[in-house]
Amino acid sequence: MNWRALTERPPRIKIDCKLGKNVAAKLRAMILKRCNIPTSDLPNATARHNWVKLRVSDATLNFLDGINIDFEDVINPDSPEQEGLTNLVQETAEMFHTALPGSQVSFDVAWSANGIDGRYYDYKSIANYSDHIFIMAYDEQSQIFDGPCTARPNSGIYKTAQGTQTYYLNLDIPAEKMVLENDTCFIEEIPSRGANCSDAAGTQYPYSYMVATLEEFNATYHWEESSLTPWYNIKDKNGQARQMRYDDGQSLLYKYMLAIMTGMRGVGMWTANFLDYSETDEAIAQQELMWSLLL
């Protein structure tokens, strides 16, 4: 593993001091876990200051190199919450860069800047204050109000390309400030928040599960040209037909090439621990394939 080439957005785990201290010597940057703040606190300058102060303390005590803000709540356009979120990112960057020179402040954004799931954020200002933004190029079905809840690509290449254009073309955000984050799981869509079909509350199934299920059911692997993603059909243990949509090495390669051709800062994944890390020959081959595409 070429540790110098890797900067991972951290999984949702608590990083202890020993892990931060030992691994930071190998990783170019190990950052504070995905951080969120209550929407109601955003207009409150004191609440924001205390939140950022605590995050700086966490990063310092755990020998970390920055913070990733993963805020995905609904915010209305031109609202106090929208302004408060922008101020939060600015204040986080200022305090982290002062307390930890060279630290990184990143922010997760939806696959498109067009108010996905009610997230009307000031993306241009947020990108300006951040060291970089992670474009979460998945969950692209979002809230579907019309038609039946049928299986669709979670991250089709053409929809991904359209979404990224809303940032660097519509908002004129420099491509070198963007990291294209890709999914390594299948999301089961269910009714949520008034929509009859949504991935917002669906269950995530890791890539290792998708590969194992494909083999267990002896399913036929299919490739969809309209999205450049794989899929297969199974009947689960209850006899219910299910279509499994996901990304594999082949489909991810197209997205990685999109990031290169666009001049983005790099690519990322949600999440690295969705692979099979056992020591079987199949698992080792899976690890080598997926990591080799990145490094």
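The following exchange asks how aromatic pairs and burial are assigned in this structure.

Student: What kind of model is this, and how are residues numbered?

Tutor: This is a predicted model, in which local features need pLDDT of at least 70 and side-chain atom pairs count only at pLDDT 80 or more, while totals for chains, interfaces and linings use all residues. Residues are numbered from 1 along each chain as its sequence is written, and side-chain values use heavy atoms, with hydrogens and water left out.

Student: Why is the pair of phenylalanine 71 and tyrosine 121 called tilted?

Tutor: Rings of Phe, Tyr and Trp (its six-membered ring) pair if their centres lie within 6.5 Å, and planes under 30 degrees apart count as stacked, over 60 as edge-to-face and the rest as tilted. The centres of phenylalanine 71 and tyrosine 121 are 5.8 Å apart and their planes stand at 55°, so the pair is tilted.

Student: Why is the pair of tryptophan 223 and tyrosine 254 called tilted?

Tutor: With ring centres 6.3 Å apart and planes at 35°, tryptophan 223 and tyrosine 254 also form a pair that is tilted.

Student: What makes tryptophan 223 count as partly exposed?

Tutor: Buried means under 20% relative accessible area, exposed over 50%, and partly exposed in between (1.4 Å probe, protein chains only). Tryptophan 223 has 22% relative accessibility, so this residue counts as partly exposed, and tyrosine 254, at 38%, is partly exposed as well.

Student: Is serine 112 buried or exposed, and why?

Tutor: Serine 112 has 3% relative accessibility and therefore counts as buried.
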